[in-house]
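Me: Could you take a close look at one part of this model for me? I'd like to hear about one turn and the strands around it, and then about whatever aromatic contacts are worth a stop.

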Amino acid sequence: MIYRREMQRYTLISLLELILSLILPVIATAQPGMKYVRLDPTKVIDTPRMEVIYEVYENDPYQTRDQVEMFILQHGKKASFFTPYLSYKEDSVCYVRSYRLTYAEWHAISDSIGVTRYHPIVIKDRTKRTWVVDNFAFGTYVYEEPMQRISWRLIKGDERVILGQRCRRAECDFRGRHWTAWYAPDLPINDGPYKLDGLPGLILAAESASGQIDIEAVVIRKAGAHPINVRDYFGADKTRFITDRKGYYRTISRSKWNFSGSAATLGFGVTNPDGTPVEPMYNRLFYVPYELDWMDKKLRNEWDTQTKKAQSRHE
């Protein structure tokens, strides 16, 4: 079962922007002449109407540990944005500062908010009917694809309550994973975490059949002043690598599952603190792909075999 953080954490985090807005000008004044950070170009694509914070649990079958991180879904009329919550908080502070920050201010923000693991960021653009996904692997890789209609099976008579909302169950098969989702009919919003949507109500929880991914809403709130603001991937931003979906997954998985090999290919040496080469057992980083249909037969068989081993360990 997912560990539920105490709700006071959100109250504390929500005060962060105010605190930083007071201390950052002091930092800049105390160290005059500092260079400004060159941040990636961004653009506002919509105004959010609602925000949902999800707790996302992941289990990598090749690892002996699990990971939990908070994500936020900003839902607007024309678009929605699913991103790690800490990244959202960092961007909120930068947005208030008009993205004009010195290096000292930038480090102060990062140190105060914390560092998030690299996760896929998903943009649903309803005007273009496309998904845009980005992630980091020695550089930002991004792809855009037409939205795909997900074929859900509505399960009658099965209900649960999440955050006071009566939810109904639905199931689907989507790109190599079987998903069970819980949606709220009293919140008639066609949206949900990751690429999941298409149900007669907001998706508040979703779980893959393997147990490798478990997502559940912990906060539903009205949207604040922060717009849906994303990197201008296909315009002014020239620091990203544009690819297609399968190329994206091959690149991201290669960097995660053969970290030192990928680094060496790019001219980076990966060593331990004492200078010795990284042992293979520490070469595979934590990574759970949300889609599996890009894998070839051999890789998929290896993944499924390891998944069964991991499941037996948890029984």
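Reply: Arg175 sits in the loop between strand 9 and strand 10. This is a predicted model, so keep in mind that everything here is read off computed coordinates. Arg175 has a positive phi of about 50 degrees, even though it isn't a glycine. It also counts as buried, because its relative accessibility is 12% and the cut-off for buried is under 20%.

Now look at the strands on either side of that turn. Strand 9 and strand 10 (residues 177-184) make a hairpin with two residues between them, and they pair in the antiparallel sense over seven bridges. Across that pairing, Cys172 stands opposite Trp179 in strand 10.

Step back along the chain and there's another hairpin, built from strand 8 and strand 9, again with two residues between them. Strand 8 (residues 153-162) and strand 9 (residues 165-174) pair antiparallel over seven bridges. Ile155 has Arg169 of strand 9 as its bridge partner. In this turn it's Leu163 that carries the positive phi, about 55 degrees.

What about the cysteines here? Cys167 is buried, because its relative accessibility is 0%, and Cys172 is buried at 0% as well. Don't go hunting for a disulfide, though: a search of the whole structure finds zero.

For another arginine with this kind of backbone, try Arg129, a non-glycine with a positive phi of about 55 degrees. Arg129 lies in the loop between strand 5 (121-125) and strand 6 (130-136). Arg129 is partly exposed, with a relative accessible area of 49%.

Arginines turn up against rings too. The charged end of Arg160 sits over the ring of Trp182, 5.4 Å from its centre. Arg284 lies over the face of Tyr62, at 3.6 Å from the ring centre. Tyr62 in turn belongs to an aromatic cluster whose members include Tyr143, Trp257 and Tyr287.

On to ring-to-ring contacts, where the count comes to 14 aromatic pairs. One of them is Tyr194 with Tyr290, a tilted pair at 4.9 Å centre to centre and 50 degrees between the planes. That pair links distant parts of the chain, 96 residues apart: Tyr194 is in the loop between strand 10 and strand 11 (202-208), and Tyr290 is in the loop between helix 6 (259-265) and helix 7 (297-314). Tyr194 is buried, with a relative accessible area of 2%, and Tyr290 counts as buried at 4%.

Key:
Residues numbered from 1 in each chain as written. Predicted model: local features only at pLDDT ≥ 70, side-chain atom pairs only at ≥ 80, totals over all residues. Heavy atoms only, no water. Disulfide = S-S within 2.5 Å. Buried < 20%, exposed > 50% of the residue type's maximum accessible area, 1.4 Å probe, protein only. Pairing = 2+ DSSP bridges. Helix = DSSP H or I, 4+ residues; strand = E, 2+ residues; numbered from the N terminus. Phe/Tyr/Trp six-rings, centres within 6.5 Å; stacked < 30°, edge-to-face > 60°. Lys NZ or Arg CZ within 6 Å of the ring centre and 35° of its normal.
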